[in-house]
Amino acid sequence: MSTTNPSPLWQPTAEGIAQARVTKFQAWAAERHGAPADGGYAALHRWSVDELDTFWKAVTEWFDVRFSTPYARVLGDRAMPGAEWFPGGTLNYAEHALRATDTRADEPALLYVDETHDSVPVTWSELRGQVGSLAAALRALGVRPGDRVSGYLPNIPQAVVALLATAAVGGVWTSCAPDFGARSVLDRFQQVEPVVLFAVDGYRYGGKEHDRRDTVAELRRELPTLNAVVHIPLLGTEAPEGALEWSALTSADTEPVFEQVPFDHPLWVLYSSGTTGLPKAIVQSQGGILVEHLKQLGLHCDLGPEDRFFWYTSTGWMMWNFLVSGLLTGTTIVLYDGSPGYPDTGAQWRIAERTGATLFGTSAAYVMACRKADVHPGRDFDLSRVRCVATTGSPLPPDGFRWLHDEVREDLWIASVSGGTDVCSCFAGAVPTLPVHIGELQAAGLGTDLQSWDAGGKPLIDEVGELVVTNPMPSMPIRFWNDPDGSRYHDSYFDTYPGVWRHGDWITVTSRGSVVIHGRSDSTLNRQGVRMGSADIYEAVERLPEIKESLVIGVEQPDGGYWMPLFVHLAPGAVLDEDLLKRIKGTIREQLSPRHVPDEVIQVPGVPHTLTGKRIEVPVKRLLQGASMEKAVNVGSVDNVELLRFYEKLARERG
């Protein structure tokens, strides 16, 4: 693979390399901590994984992480799972996120954009005052360190304020986007038992208003641990009975008090897709996220106070949490609440232009949609401030790289990045000092010993294998919620290779150190970067009396598209007519998420299972991607091999 793609699409200039923050960090770390002064990024990366403790100590010093109580050592225990970072140290994430107020009080911390595409600034001093006021209100409501605070919110400034106020008091934040149906939200929030719920009355998407008051009422009924509900009138409605008004809790302009918590104190709960049951409730720590995001945003994304950081995301996706952490580097962050393609496909480019974004992050699917829609961003918008376009959610196909290069700007830094909700960060992606090759991520991240392994645990170069990480990262989960013995956490990542993180992606590490992602090696459904498990779909669809059983598959396609068919085995006498099709799609749209409505609904003679009764998803996905029966599945583990022939035949017919 390293020989088939010899010429870079983009090469940083000598001046760009010299000015990059990672270059300055390397020179400083060489002087202070024994990092290699020469050899560029490759040498720095090798040192960062060989001298893990020293590297992370250097990161905390370079970014002036303020420990209110000093730590005893960097790594108390290196074992995975269970690595112990900076034992004894105390700090607060929100304190670091707001410290740019000291020097830039009247400059924008946030730029809020809705579907009008006009931006509304929130200054650093306004943000700090609202966080202080809300933190005091949360304390008055009885919220204590460790209590969970939830948000049913779109990507609006109030969501950022609520997260930071929760972190300031030592609470644990968790959020879902308001396009999630009640069942999806309850599957998540009921696990963590929140004491406060912040909720909008509705949201605007695609030029329409979507009233969510009935859903909020259902959440209130089904979350008995709630002590308070805070109403945010995005659509201008009155607060429901017993709810508190957002404005009353945030108008005091109070100086925040930051609870000093242990490094491994929980910051937030993110959720996996829930492929085989309830979504995993992933707990990440205040300190772990702080140092990982400072490294990722400050060194890899090269962000600082002069930058504007826009990533299209929702509060139900880890990229929203990642976007908020742009505040840690003093960067102005752009919050867009609306459809990614409203009023036309060029919408996100227009927002990047109007907000002066310097780093614009989006999905690979959006890039490919722009290409198909014949959008010309470089011609039609002033993108002169955009230094980097980053993509995630799925691998950016080669045609996407070429299109960005040709249609935005030839000297554009294109950063395809890959990580996961599980670490709320990137395993590989952006490096401002390295060339970009078509179809490849530039390199593994600093401090991340990313490798490709075969089934026997042997490292591979220029060959496809499983994505593994052989040393701990600070942002790896401290635990899953409601997993007292840690067995679910262990089984999720460490079951295949003991003591080594296996992520579930197929990757190639090339001879030059770049990385190619080939998609998920499991059966997670990943639409526009938002993951959902098949179990959610089955639960909703199979409530319909006509559906005996179903099977949903997400298939990454060679052109960068994503095909998500739903296969249905009908009950005797049922017919897959227009009425049933409409009800299937409506059920998924209303109860789960409009993003996860299937592309096609296909009637099948039956759903194949393992001998223990589990639906066979991954082998069917492999068949649909063109694998032979012999390579896709161990036929000895299947209850009815003949059923698999249907999917094999379908794959052949689709070509």
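## Helix 8 and Val161

Helices are DSSP runs of H or I with at least four residues, numbered from the N terminus. In this predicted model, helix 8 covers residues 157-168, and Val161 belongs to this helix.

Is Val161 buried or exposed? Its relative accessible area is 1%. Residues count as buried under 20%, and Val161 is therefore buried.

## Surroundings of Val161

Which residues does Val161 touch, apart from its neighbours within four places in sequence? The contacts of Val161 are Leu127, Gln130, Val131, Leu134 and Trp246.

Glu126 offers a comparison between sequence and space. A separation of 35 residues in sequence lies between Val161 and Glu126, while the distance from C-alpha to C-alpha is 10 Å.

## The sheet

The model also contains an open sheet built from seven strands, arranged in the order 5-4-17-16-18-19-20, with mixed pairing. At its edges are strand 5 (119-123) and strand 20 (413-416), each of which pairs on one side only. From one strand to the next, the twist averages 20°.

Strand 4, residues 108-113, runs antiparallel to strand 5, and five bridges join the two. Within this pair, Pro108 is placed opposite Thr123 of strand 5.

## Packing of the helix on the sheet

Where does helix 8 meet the sheet? Helix 8 packs on the sheet by touching strand 4, strand 5 and strand 17 (332-336). The direction of helix 8 makes an angle of about 140° with that of strand 4. The helix that packs here on the sheet is the one in which Val161 is found.

Key
Residues are numbered from 1 along each chain as its sequence is written. This is a predicted model: local features need pLDDT of at least 70, side-chain atom pairs count only at pLDDT 80 or more; totals for chains, interfaces and linings use all residues. Side-chain values use heavy atoms; hydrogens and water are left out. Buried means under 20% relative accessible area, exposed over 50%, partly exposed in between (1.4 Å probe, protein chains only). Contact means heavy atoms within 4.5 Å. Two strands pair if DSSP finds at least two bridges between them. Axes are lines fitted to C-alpha atoms, for helices over the stretch in contact, and angles run from 0 to 180 degrees between N-to-C directions.
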